[in-house]
Structures are given as C-alpha cells and as structure tokens.
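Reader: I would like to learn how to read charged side-chain pairs in a model. Please take me through it step by step.

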Amino acid sequence: MPPHRSFFRRLRAVAAALALLLPAALLAQDQSNGRLRVFLDCPTGGCDRNFFVTEMPFALWTQDRLDADVHVLVTGLGTGAGGTEFTIGFIGRRTFAARIDTLVTFIAPNSTEDMRRRELARVLRIGLLPFAMQTAEASRFSVAYTAPAGEVVTSALSGVRDPWDFWVYRLRVNGSGNAESRSSNYEVNGSINASRVTEDWKLSFNAYDEYRANSFTLSDSTERSYILRSMDASARIVRSISDHWSIGTRLSGGMSEFRNQDASAALDISAEYNVFPWRDATSRQLIALAAIGMRYYDYGEETIFGLQSEQRPVARLIAAGESRQQWGTLDGSLRYTRFLHDNDTYNLSFNGRAQFRISRGVSLEIRGEAAKVRDQLYLPRGDATDDEVLTRQRALLTGYRYGGSVGISFTFGSIYNTIVNPRLDDLGG
C-alpha cells in the first residue's frame, strides 16, 4: 500500500475516535460546575475580558455562547461630548431563556482605560446579579449603595447647568517620522473640532491640516524628495425631526495636492430616514439618505477635460444598515453620487462586513468593497510619471476599485479555562 494512503487511513481513524470522544467531553464540561456561565460578546471593542474575569470570580466565562447561561452583548456609540454610550444586553440562555435585560452606561471623554473597564465591570455585576441569585452562589452576594454627597442626580439635560452650554472642543497635533541610510519620511498633522450635541440638534465644526515629506537616495547618489499637502474645514448642522427623520446641511472647503485641487468648496442639503427608532441605534440601524448640493473646484493643473476650474451640481443617495445580534454582526452600505451636468460622471460603491458564529467555536468573517468610478473630474492632463505612480503623489485614472477579505476561526478545548496569567507576555508584545 502506498505510504500516503496509509497515512490518510490513520488520520481517518483518529478523526473517528475524536468524534466519539468529543460529545462525552463536552457533556462532562457541561455538568462540571453549577456556577453562572457567562459569554462576553463585545463587537465594538472597549472590553477588558481579563479584568472582568478577575473582578467577577462568581462567573465562569465561556469561550462560546452555546455553553453559556447568559450571553452578554456590549455595544457602544460615541456621544456628543466625545465619550461613549455603552448598551449592555443580558440575554438568558438554557434555564434563563425567557429573560432579557438591558442596561446603559456613559463613559466620559478622556477617560482612562482603567476608568472605562471599572465602570463596565460595575454595570456587568448589576446585570448579572438577577441570574446569579438563582445559582448555588446566591448566598455569597450582598448589595452596596453609595449615596451622592448632597448632589441632585438627574439624567435629563434640562436639569443640568452646564457653563459650556454642552459645547465640546478638541485640539490635536501629531507628528511622526523615521529614517534609514537611504530614505526618510515624516508627517505632521493637526485638527480642531468643536461640537454641540443635544437630542434635537447636532452642530459640529472641523478643520484638518496634513503635511507629508518623503526623501530617497538612489543608486547614483542623487536625491529625490516628494511633498504632499492637504487641508480641509467643514461645518455641519443636523436637526432631529422625529424618532425616524433628520435633516441637515454641510458646508466644507479645502485643498489637496494629491487630487490636483488648489481649492475646493462643497454645500449639501440632506434628509435621512431610519426605519428603526434612533434609541435602538446601538443594536440595529437601517437608513436611507438623499442629498443635493454644489461643488466648486480650482485645479492646480489643467484637467483631462481641459478645465482650470468648474462648478457643478451633485446628488447623493445612500442606503445603509447595521445589526449587532447574538449570532454576530452584519453591516453594509450602498452609495451613489452623480454630477448632474453629465449622466456619465458618477460613483457607485458598496462596502459590507459580516461576522457569523456558525456553530460551537466556529466563526466566519467576510469583508468586501467595490466601486465603479466615473467621477474623477480632477485628474490632470497628461500621463503620470513613474515616480508619481510609485510614490502615490497624485490620483490615477481608474474605472473601478475593489477589495475584500475572508477569515474563519475554530476554537475548541476547555470552556472554563479563564485563568489570567500575564507572566513573560512582554506587556502584550
């Protein structure tokens, strides 16, 4: 018998033996402990699982939701002040299948990671308590309450005296660079943001500036340097009409050497409808947006259409959705933009992401994007040089863009091993 056939015969025998042993092993784990089993699901990030494990030893933190008594789903959205609103769903399974609870907490802007994880741990304890009280560990729990020191606690903005009138300002400056014997590059950028967000209005003002420089020494000792500059500023006003409707306007301007634009300006008026109420935005959204506006461009070089400047009307349509559920996350958007002076100048794009839990321990993630490009009015006349192509100094003519990724993961073994041991981890590498 050929060696490879003998090998595959042994492999099939081992797989058959594992298939017989695996159900018994899972059953043994299922009956190994009467403590509350919890599965942490945090698709938007911001959760420190190791910290939760050490701070809540009354729970057994499983690797798969199918092994849990409670599926904890943590989702977050940015707040107007720059912080995060976390919505935590406690979804009962097995004997708790009829129970679903939801808690909400707010993390202030500029909070440290430790402040965030401690606040999330506090809310997790509260949410898990009703489930844990029905286990053998119930007698070990007690309730503590810290009363405010003479302060009136209210969550309504109307009851808050804010000397800043809910305005939030952010300033940021960033610089980076590196160098070798024959090359160097550095980048400097900065931004300014001011925003005021309430239930009825959203006002935001932004400005951004970027400077990039790259230098190379070639084999004949000659030096090449390439510099790219860009800047933009924008103002946006949004009015909430109802639980589903919003209207707004946006004014922006700037310049971009990469896009051959010495100056540009844009004005849009838009309306948006969400099929679901906005209070459900942390778990699901399905929106349709329509906008109409004007664009003005002043070009550094004459374009392929023989223009040095132009002003064009434009329309946009967007359909987008997002769902974060027990089975995973699904989101995508379809965008269509067209210059109204010419039916052949448009951009149609789609991007999407899907994360599925296929079965016990098996997860699949798919990402993809594609665009049909017919709106590059800014392209300069003439072909790009090899240096411009290799160093990405200017936008290039294209009829499409696409990209994607796919990945699958399979986790098996102990469903209760939640020991935290960071020794020799080199601080996470």
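Reader: Which residue forms a salt bridge with R229, and how many Å apart are the closest N and O atoms?

Author: First, the model is predicted. To call a salt bridge, look for a side-chain nitrogen of Lys or Arg within 4 Å of a carboxyl oxygen of Asp or Glu. Here R229 pairs with E257, and their closest N and O atoms are 2.9 Å apart. The two residues come from distant parts of the chain. R229 belongs to strand β9 (residues 223-240), while E257 sits in the loop between β10 (245-256) and β11 (261-274). They are 28 residues apart.

Reader: Is R229 buried, partly exposed or exposed?

Author: Read the relative accessible area: under 20% is buried, over 50% is exposed, and partly exposed lies in between. R229 has 38%, so it is partly exposed. Its partner E257, at 29%, is also classed as partly exposed.

Reader: How many salt bridges does a search of the whole structure find?

Author: The search gives 17. Another of them joins E302 to R381, with the closest N and O atoms 3.0 Å apart. E302 is in the loop between β12 (284-299) and β13 (309-325), and R381 is in the loop between β16 (362-373) and α4 (386-390). The pair therefore ties together parts that are 79 residues apart in sequence. E302 is partly exposed at 37% relative accessibility, and R381 is partly exposed at 47%.

Reader: What is the N to O distance in the salt bridge of E365 and R367?

Author: For E365 and R367, the distance is 2.7 Å. E365 has a relative accessible area of 27% and is partly exposed; R367, at 40%, is partly exposed as well.

Reader: Which residues are linked in a network of salt bridges?

Author: When reading a network, list its members. One such network links D48, D114, R117 and R118.

Reader: Now a residue outside this topic. Where is T337 found, and which residues does T337 touch?

Author: Start with the element, then list the contacts. T337 is in strand β14 (residues 328-339). Leaving out residues up to four places away in sequence, T337 touches V314, A315, R316, T345, Y346 and N347. With a relative accessible area of 22%, T337 is partly exposed.

Reader: What separates the C-alpha atoms of T337 and R374?

Author: Keep the spacing along the chain apart from the distance in space. T337 and R374 are 37 residues apart along the chain, and their C-alpha atoms are separated by 9.8 Å.

Key. Residues are numbered from 1 along each chain as its sequence is written. This is a predicted model: local features need pLDDT of at least 70, side-chain atom pairs count only at pLDDT 80 or more; totals for chains, interfaces and linings use all residues. Side-chain values use heavy atoms; hydrogens and water are left out. Helices (H or I, at least four residues) and strands (E, at least two) are DSSP runs, numbered from the N terminus. Buried means under 20% relative accessible area, exposed over 50%, partly exposed in between (1.4 Å probe, protein chains only). Contact means heavy atoms within 4.5 Å.
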